[in-house]
Amino acid sequence: MNDHYFMREALSLARSAECLGEVPVGAVVVREGVIVGRGFNSPIGESDPTAHAEIAALRDAARRLENYRLPGCELFVTLEPCAMCAGAILHSRISRVIYGARDLKTGVHGSVVDLFAVERLNHHTAVVGGVLAEECSQLLSSFFAGRRAKREQ
């Protein structure tokens with residue numbers, strides 16, 4: 001299994017979020033080639049500003065592995081993480097983050113700032129962007145185009 005396989009799993013979760021009217025972002029946590037955590041955006045449905053896909057996937061993985069630290073785990077997410085999610089990723093000791101689309105408004109792997117590159121932090125996570133970027137971007141673009149069309153009616 002490779003990065004594309006797990007990103008497709010995250011895309012499937014993003015579509016689940018979209019079906020619920022949430023911004024379509026999905027995430028999976030993987031350890032040794034096995035998905036140990038899943039999540040998708042649900043801040044509207046849960047009335048929770050922290051209910052991002054990454055946070056949900058990290059929580060799921062931590063529960064399953066019975067550890068708030070997730071060393072040796074990788075996080076696949078369809079959108080570049082925001083500052084809140086980057087903080088959770090760093091605190092959980094995720095070894096690698098793989099994301100699809102860049103987020104030019106809130107992304108913190110270089111789109112706005114690069115929190116993952118701050119040397120003074122006590123943990124560092126490798127980050128790879130652009131995996132299935134076109135597919136991830138298209139899902140988000142279609143979602144927001146649909147929202148705009150509904151507002152114009």
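## Sheet

In this predicted model, five strands form an open sheet with mixed pairing, in the order β2-β1-β3-β4-β5. The edge positions are taken by β2 (34-40) and β5 (126-128). Each of these two strands has a single partner, so one of its sides is left without a neighbour in the sheet. From one strand to the next, the twist averages 20°.

Strand β1 (residues 26-31) runs antiparallel to β2, and six bridges join the two. Within this pair, Arg 31 lies opposite Val 34 of β2.

## Helices on the sheet

Two helices that pack on the sheet are α3 and α5. Helix α3 (residues 53-65) touches β1, β2 and β3 (73-79). The direction of α3 makes about 140° with that of β2.

Helix α5 touches β3 and β4 (96-101). Between the directions of α5 and β4 the angle is about 60°.

## Largest pocket

The volume of the largest pocket is about 590 Å³. Its lining consists of 23 residues, of which Val 23, Leu 79, Asp 103, Leu 140 and Phe 144 are the closest to the pocket centre.

Which helix supplies the largest share of the lining? That share, five residues, comes from α5, the helix that also packs against β3 and β4. Both α2 (43-46) and α5 (133-152) contribute at least two lining residues each. Sorted by class, the lining holds 11 nonpolar, five polar and seven charged residues.

Technical notes
Residues numbered from 1 in each chain as written. Predicted model: local features only at pLDDT ≥ 70, side-chain atom pairs only at ≥ 80, totals over all residues. Heavy atoms only, no water. 1 Å grid on protein atoms, 1.4 Å probe; cavity = no way out; pocket = protein on both sides within 12 Å on 5 of 7 lines; lining within 4 Å. Points joined across faces, edges and corners; volume = space filled by probe spheres on them. Helix = DSSP H or I, 4+ residues; strand = E, 2+ residues; numbered from the N terminus. Nonpolar A, V, L, I, M, F, W, Y, C, P; charged D, E, K, R; others polar. Pairing = 2+ DSSP bridges. Axes fitted to C-alpha atoms, helices over the stretch in contact; angles between N-to-C directions. Contact = heavy atoms within 4.5 Å.
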